[in-house]
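Here is a short set of exercises to work through with the model open on your screen. Try each task yourself before you read its solution.

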Amino acid sequence: MASPLTKRFPRELKNNLGKYLGMFLLLSLAIAFTSGFLVAASSIELIGNGMRDAYNTEDGHFATTFEADGKAIDAVEGLGCTVVEQFYIDAPLSFEGAQDGTQARVFPNRGERNQAVYAQGRAPEADDEIALDRVFCQNNELAVGDTVSLAGKQMTVTGIMTLSDYTCLFQNNSSFVFNALSFTTAQVTQGAYDAVDQGSVIYSYAFYLDDRSMSLPDRTALEKDMIETLGDQGEVVTDFVDYAGNQSMTYAQDDIAGDQMMWKVLLGMLIVIMAFVFVVLTDATIEAESAVIGTLLASGWRKRELVAHYMALPTVVGVAGAIVGNVVGYTLLVLPMQGLYYNSYSFPPYHTTFNLEVLVTTTIVPLVLLVAITFAGLLRKLGATPLQFLRREITHRSKRSGMVLPERLRFAVRFRLRVFIRNLSHFATLFFGIMFGSLLLLFGLAMMPLMNHFAEESAKGVPAEHLYVLKAPVEIDVTADEREAMAAAEELMLAEDPTAIEPQHLLALYLEAARVDSDANVANTLENSRQAIDQSEKFAMATLETPRRFGGGQEEITVYGIQPGSRYWSDVDVEEGRACVGAGAQQKCDIKLGEDRVFTDKYTGDEYAIAFDEVVGNATTMSVYLPLDDFNRLFGNEADYFSGYASDEPLAINSRYVATEITPEQMLSVAAQMQDSMGAMAQSLLYAVIPLFLILIYLLTKTVIDRSARSISYMKVFGYRDREISRLYVRSITVTVLVSLVLCLPIIVGVIDVLVQVMMSQYSGNLEIWIAPQTYVLEVLIGAATYAVVAVLHMRRIRKVPLALAMKVQE
């Protein structure tokens, strides 16, 4: 025979449908969005981590000026690796709608090394067929069967693929941004490859270590031996990249890892908010059911039976919300979340992989929280006596309830004040609930403006219009004779077969090259004006690592050696051996002035201790500064060593010796890339936050209306219309909501500052919390608009409060 309490379930569910529906939606939406993203991201991360073995991707690659001699390759392989040819040509690609300057990096069809993974179609089989990168084709609306022109030759697209060593389309490894709009990788047959102008061939070689588990310092030492061996064999190395430093292979993985941290921060916020809501709803339920609980206890029902009864509906609703949330997350939201990355990065075909950690953090933890909080709240409240329940004395009654208000106030004003005073604790709860909801909302709204601000501040941090980072010291202040001697030496060095040079010209080259001072730095072969030379300034730089304050990871710090009294680093005082640390580095890594801080070279394991005298720059400055002489002594360089030029005017420097050029415009382009790669992410975050904010405000304000149900019924008996009652009650709530939206902003900004620091613990660089004034306005407007929807629902609720409620005996 069913328990009499069981028969109350349908009535309880009907009478509290709004509360349970809100609880269901809060749980299911929170679980759906977070599980959908985290499952998609962790699945992609797993795919990326497995590519090295699944598609036999390289441990690194190097390039030589000309095709390397077989003996040189054998000598390198003798060090403990396998070397594979991976020649390519950057050729112009055109088609209808193509951007100017579009290029394809053309490879012959690959075999078992650095495999190509086809999403559609097949590998080229004829000399007029081509396969292109999947993301490039998507961005340019190309499909299998379309026709493109490669270096003037018409080709048919037969395959859309991903090269396993190009998951992110960086044309140059030193670039700040990837380019999937006007750059693509391509595969053709060997015949089609040979038909392309061979004058632009890049003689690149992929290498695979015999011990692929080798640590980074050991790998770095081996790679140095490889470079030296190639040089000893007469080869000129023009490029050498370890896979850990290859942006085309690691950038996407790093981005996904960082984004997961952002969503885990959001999940943590949601768990705190749900815990808060569950506490409020549990208390509200017990207050509403106070008389019933007192009657049941007086009738002989045991407390454990009542606990089981009042636990049943929240638990069932919670389990249903968890199930629906996971079903929606895994079926409807995983693919859109996956598309956020597959629209930017060239990963192999996607497949979802179950992740137990995601299930625990997104589902089990909130569900256990719901059950535990409800259970604890019931046990705490059921400590009261049956008489206290019957008299509704289980809650503390404030003495403020009987406060005498000035009679000169209008009745409506006094009534609203009375509603506010009697529900002061509930309105305080509402304030904190709005603060939590606004935290979610402002966090979602502020992300993209914050990233753009970061790029703008980073651009301001570039000290000159051009920073030329060199592969080796190159002197630009040289005579015409020195330039000509170096040009002759370079021509001899780069000649594939010197004996093919006309004897008279060859003799002239040798005579000219003999004038090069082998003990001096390399002389620039290009001429610059005296004005450009005089306004330029030498500097040196190195990259080291030091522990972060949060997260336990290592932060990359750029160490600059600059001239004392520098015209470009004018705000950095390194006179008399002073050392300065950037504000961003000091904040993120908790660097103390006057204390030795240890920095590590991740490639060699060498450690360097530096004590700093001053903090300089802004919150994005992740550099430290030493006098150039002290820099060279610290790193054991020659006294005249340098590795770059700062200049406000363009400098003509032999491109063979330029590693990269940094300009303020490049830093601003980071904002465009962030907008492209994170814009959809921030938008999806808002899609998750706004409905959750609406539900949160509804649940919290509903408790105030429910607690006033008897008073609302009295007013109906006294002849007040529904509209008048709504103005009295809903307006009090409205004022509280609007005031709370504004007053909680300073608290929220402080919390977001901490959250951003936690989020950035997985990213390089430092973000200073910055929120545009219009973002505050937008947050308040969205909050007010969301509450307007809730207010309409409450007006309907007030209309449904029955007159009979006033006639029921309260004690």
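**Exercise 1. A pair in a helix**

Which residue forms a salt bridge with Arg530, and how far apart are the closest N and O atoms? Keep in mind that you are looking at a predicted model.

*Solution.*
- Step 1. The partner of Arg530 is Asp534, and their closest N and O atoms are 3.1 Å apart.
- Step 2. Check this against the cut-off: a salt bridge needs a side-chain nitrogen of Lys or Arg within 4 Å of a carboxyl oxygen of Asp or Glu. Arg530 and Asp534 pass, because their 3.1 Å lies within 4 Å.
- Step 3. Now look at the sequence positions. Arg530 and Asp534 are four residues apart in helix 16 (residues 530-535), so about one helical turn separates them.
- Step 4. Finish with accessibility. Arg530 has 44% relative accessibility and therefore counts as partly exposed, while Asp534, at 51%, counts as exposed.

**Exercise 2. More salt bridges**

How many salt bridges does a search of the whole structure find? Then look at some examples.

*Solution.*
- Step 1. Start from the general idea: side chains of opposite charge can pair when their charged atoms come close.
- Step 2. The search of the whole structure gives 21 salt bridges.
- Step 3. One of them joins the side chains of Glu512 and Arg515, at 2.3 Å from N to O. Glu512 is partly exposed, with a relative accessible area of 21%, and Arg515 counts as partly exposed at 44%.
- Step 4. Another links Arg302 with Glu305, at 3.9 Å from N to O. Glu305 is partly exposed, at 26% relative accessibility.
- Step 5. Salt bridges can also be linked up: Arg52, Asp59 and Arg212 form a network of them.

**Exercise 3. The largest cavity**

What is the volume of the largest cavity, and which helix gives the most to its lining?

*Solution.*
- Step 1. Rolling a probe the size of a water molecule over the atoms shows where empty space is left.
- Step 2. The structure holds three cavities of 30 Å³ or more, and the largest has a volume of about 100 Å³.
- Step 3. Thirteen residues line the largest cavity; Leu281, Thr282, Thr285, Pro314 and Thr374 lie nearest its centre.
- Step 4. Helix 2 (17-54), helix 7 (247-288), helix 9 and helix 10 each supply at least two lining residues. Helix 7 gives the most, with five.
- Step 5. Sort the lining by character: nine residues are nonpolar, three are polar and one is charged.

**Exercise 4. Buried or exposed?**

Is Phe354 buried or exposed? And is Ile771 buried or exposed?

*Solution.*
- Step 1. Recall the cut-offs: buried means under 20% relative accessible area, and exposed means over 50%.
- Step 2. Phe354 sits in the loop between helix 9 (303-342) and helix 10 (356-381). Its relative accessibility is 54%, so Phe354 counts as exposed.
- Step 3. Phe354 also belongs to a nonpolar surface patch of about 520 Å², together with Leu356, Val360, Ile364, Val365 and Val368.
- Step 4. Ile771 lies in a loop too, between helix 22 (745-759) and helix 23 (773-799). At 10% relative accessibility, Ile771 counts as buried.
- Step 5. Now step back to the whole protein chain: 51% of its 811 residues count as buried.

Key
Residues are numbered from 1 along each chain as its sequence is written. This is a predicted model: local features need pLDDT of at least 70, side-chain atom pairs count only at pLDDT 80 or more; totals for chains, interfaces and linings use all residues. Side-chain values use heavy atoms; hydrogens and water are left out. Patches are made of residues with over 30% relative accessible area and no salt bridge: like charges are joined within 9 Å, nonpolar side chains (Val, Leu, Ile, Met, Phe, Trp, Tyr) within 5 Å. Accessible areas come from the Shrake-Rupley method with a 1.4 Å probe; for residues, only the protein chains shown count as cover. Buried means under 20% relative accessible area, exposed over 50%, partly exposed in between (1.4 Å probe, protein chains only). On a 1 Å grid over the protein atoms alone, a cavity is a set of points where a 1.4 Å probe fits but cannot get out, and a pocket is an open set with protein on both sides within 12 Å along at least five of seven lines; lining residues have an atom within 4 Å of a point. Grid points are joined across faces, edges and corners, and a volume is the space filled by probe spheres set on the points. Ala, Val, Leu, Ile, Met, Phe, Trp, Tyr, Cys and Pro count as nonpolar, Asp, Glu, Lys and Arg as charged, and the others, Gly among them, as polar.
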